[in-house]
Amino acid sequence: MIRVVMGAMLVGLLVLQAGATGWTADADGSRLTIVSPTQSEVIKGDSVQVWYKLSKGTGATHIHCYVDGEYQKGFKDMVKGLTRGSHEIKLVAACHDHDALGAEAVVTIELE
């Protein structure tokens, strides 16, 4: 019986995580989710609006954005000047001193 309950709990957690776009939580309680764009979304143009939800724990104060591994200085929810093709957008929760925390979210998009 315990195996059945544990199996059902594992399946439930996997289903919940599948609905979110790449989220993780940090030991301080921070949780970060990319709401939009969605995984593998095709976007027209050279810019993308990034909507996210940051549940701040005891240390998180803001997020850092990376596109294809490059830090986006001055990120204000919009990534501009992208070329056609596939791009990885990664958000990382950070503390007041700009140190990265464990909460992050990643999504890969395609620009036409």
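**From Thr108 to the largest pocket**

At a relative accessibility of 26%, Thr108 counts as partly exposed, because that class lies between buried, under 20%, and exposed, over 50%. The model in which this residue is seen is a predicted one. Thr108 has its place in strand β10, and, when its neighbours within four places in sequence are left aside, it is in contact with Thr38, Gln39, Ser40, Glu41, Ser86, His87 and Glu88. One of these residues, Gln39, stands 69 residues away from Thr108 along the chain, yet the C-alpha atoms of the two are separated by 5.5 Å.

Strand β10, which covers residues 100-111, pairs with β3 in the parallel sense over two bridges, and within β10 it is Glu110 that serves as the bridge partner of Val42. Both strands belong to an open sheet of five strands, whose order is β3-β10-β9-β6-β7 and whose pairing is mixed. The edges of this sheet are formed by β3 (42-43) and β7 (70-71), each of which pairs on one side only.

From the sheet the reader can turn to the largest pocket, which has a volume of about 180 Å³. Strand β6, residues 60-67, gives the most to the lining of this pocket, with four residues. The residues that line the pocket are Tyr52, His62, Ile63, His64, Cys65, Tyr71, Gln72, Gly74, Phe75, Lys76, Asp77 and His98, and they divide into five nonpolar, five polar and two charged.

Terms used: Residues numbered from 1 in each chain as written. Predicted model: local features only at pLDDT ≥ 70, side-chain atom pairs only at ≥ 80, totals over all residues. Heavy atoms only, no water. 1 Å grid on protein atoms, 1.4 Å probe; cavity = no way out; pocket = protein on both sides within 12 Å on 5 of 7 lines; lining within 4 Å. Points joined across faces, edges and corners; volume = space filled by probe spheres on them. Nonpolar A, V, L, I, M, F, W, Y, C, P; charged D, E, K, R; others polar. Pairing = 2+ DSSP bridges. Buried < 20%, exposed > 50% of the residue type's maximum accessible area, 1.4 Å probe, protein only. Contact = heavy atoms within 4.5 Å.
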